[in-house]
Amino acid sequence: MGALQNCMRVVGWIPVIFISAVIAWSYYAYVVELCIFTLAKADQRYAQMVFYLLFYHVFLAMFCWSYWQTVFTPLRVIPERFFLSSSELHRFESEDRTENQVEILREICREKRLPVFTRTYGGGMRFCNSCKAIKPDRCHHCSVCNKCILKMDHHCPWVNNCVGYANYKFFVLFLLYAVFYCMYVALTVLPFFIQFWSGGLSNESGRFHILFLFFAAVMFGISTSVLCCMHTHLSLTNRSTLESFRAPVFRPMVQTGGFSHGSFGDNFKEVFGDKKLYWLFLCSQAKVMV
Ligand SMILES: [Zn+2]
Ligand SMILES: [Zn+2]
């Protein structure tokens with residue numbers, strides 16, 4: 001079992017290594033083949049090369065930084081008080097009937113004053129059998145991470161991490177900076193891409209790098225744009241990907257409208273922070289949930 005888990009852990013890094021390799025190759029194709037060999041050596045357009053390189057490195061830095069933060073931000077697991085103590089667990093597990101188990105969980109929730117407003121589709125308490133814990137609102141158990149994750153959005157293999165409360169802002173910024181990076185590369189490479197087909201490209205040896213760089217930038221740019229739009233919409237309406245597929249059920253007498261604060265601005269601030277100045281930077285994280 002341990003060997004299998006270790007094997008799965010190693011396999012989980014393959015998509016991250018793939019993305020890193022594509023970024024490294026795009027760096028070589030853009031900086032060396034396009035800027036140095038084509039613009040500077042072959043065409044002697046030095047000012048254009050400096051302009052290209054300057055903005056390229058700004059977009060690259062933001063893109064890599066947001067990716068790094070999404071991958072390496074530690075998961076936020078549920079607070080200790082949501083876990084059942086050994087006596088509570090014994091009481092819960094010694095009960096055979098589901099209705100009685102639900103009642104026990106309700107009592108524990110009342111005694112500990114846990115701020116839980118959502119229920120299962122059957123009306124019972126949301127309980128994780130793997131973690132032995134009452135699930136806070138918006139929390140879900142990730143079978144890959146084998147933990148309950150606060151405000152879980154989804155498990156993303158491309159970042160080998162769960163996207164949730166701790167790193168959702170970083171994930172959306174990663175998509176946004178990926179779009180900027182791809183758009184910048186595609187637009188600046190476009191004149192050389194046209195030259196390639198008209199036979200006027202001066203850097204003969206590196207022409208295929210430039211050709212594929214354009215295709216890769218357009219392809220990744222389109223796919224990340226779609227995802228970026230989708231997650232911006234989810235942020236504005238205060239929904240996670242999981243909630244967009246399966247709406248949460250609230251206990252009776254609790255407000256409707258999901259977790260939305262009622263306005264796009266307030267929903268957006270919950271993820272991106274109160275200060276507009278920091279919205280596009282990888283700081284000022286979301287407000288405390290539980
Ligand atoms: Zn769990
Ligand atoms: Zn996960």
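Modeller: A residue counts as buried when its relative accessible area is under 20%. The model discussed here is predicted.

Colleague: Which residues of α3 are buried?

Modeller: Take the cut-off of under 20% relative accessible area. In α3 it picks out M49, Y52, L53, Y56, L60, M62, F63, S66, Y67, T70 and V71.

Colleague: What do the buried residues of α3 pack against?

Modeller: Contact here means heavy atoms within 4.5 Å. By that test, the partners of the buried α3 residues are α2, β7 (161-163) and α6.

Colleague: How far apart are the end C-alpha atoms of helix α3, and what span is expected?

Modeller: Helix α3 covers residues 46-72, which makes 27 residues. At 1.5 Å a residue, the helix should span 39 Å. The model agrees with that, since the end C-alpha atoms are 38 Å apart.

Colleague: Which residues does UniProt list as "transmembrane region"?

Modeller: The record is an unreviewed entry. Such annotations may be inferred rather than shown by experiment. UniProt lists residues 12-30, 50-68, 170-196 and 208-230.

Colleague: How much of residues 50-68 is helix, and how far apart are the end C-alpha atoms?

Modeller: Strand makes up 0% of residues 50-68, and helix 100%. The end C-alpha atoms of this span are 27 Å apart.

Colleague: And residues 170-196: how far apart do the end C-alpha atoms lie?

Modeller: This span is also listed by UniProt under "transmembrane region". In the model, residues 170-196 are 100% helix and 0% strand. Their end C-alpha atoms lie 37 Å apart.

Colleague: Turn to the open spaces. Which helix gives the most to the lining of the largest pocket?

Modeller: The largest pocket holds about 670 Å³ of space. Its lining has 19 residues, and the closest to the centre are Q5, M8, R9, V144 and C145. By type, the lining divides into 10 nonpolar, 7 polar and 2 charged. The most, 6 residues, comes from helix α1 (residues 2-12).

Colleague: How many charged residues are in the lining of the second largest pocket?

Modeller: About 560 Å³ of space lies in this pocket. It is lined by 29 residues, with I19, F174, F220, S223 and T224 nearest its centre. The lining divides into 22 nonpolar and 7 polar residues, and the charged count is none.

Colleague: Which element gives the most to the lining of the second largest pocket?

Modeller: At least two lining residues each come from α2 (14-42), β6 (154-156), α6 (168-198) and α7 (207-236). The top contribution is 9 residues, and the element is α7.

Colleague: How many residues of each type line the largest cavity?

Modeller: The model has 3 cavities of 30 Å³ or more. The largest cavity holds about 70 Å³ of space. Its lining includes R138, K151, D153, Y168 and N238. By type, the lining divides into 4 nonpolar, 4 polar and 4 charged.

Colleague: Is N238 buried or exposed?

Modeller: N238 is found in the loop between α7 and α8 (241-245). Its phi is near 55°, a positive value in a residue other than glycine. The relative accessibility of N238 is 3%, so the residue counts as buried.

Colleague: Where is N146, and what is its phi?

Modeller: Most residues other than glycine have a negative phi. N146 is not a glycine, yet its phi is positive. The residue sits in the loop between β4 (140-142) and β5 (147-149). Its phi is about 55°.

Key:
Residues are numbered from 1 along each chain as its sequence is written. Chains are lettered from A and ligands numbered from 1 in the order in which they are written. This is a predicted model: local features need pLDDT of at least 70, side-chain atom pairs count only at pLDDT 80 or more; totals for chains, interfaces and linings use all residues. Side-chain values use heavy atoms; hydrogens and water are left out. On a 1 Å grid over the protein atoms alone, a cavity is a set of points where a 1.4 Å probe fits but cannot get out, and a pocket is an open set with protein on both sides within 12 Å along at least five of seven lines; lining residues have an atom within 4 Å of a point. Grid points are joined across faces, edges and corners, and a volume is the space filled by probe spheres set on the points. Helices (H or I, at least four residues) and strands (E, at least two) are DSSP runs, numbered from the N terminus. Ala, Val, Leu, Ile, Met, Phe, Trp, Tyr, Cys and Pro count as nonpolar, Asp, Glu, Lys and Arg as charged, and the others, Gly among them, as polar. The expected span of a helix is 1.5 Å times one less than its number of residues. Buried means under 20% relative accessible area, exposed over 50%, partly exposed in between (1.4 Å probe, protein chains only).
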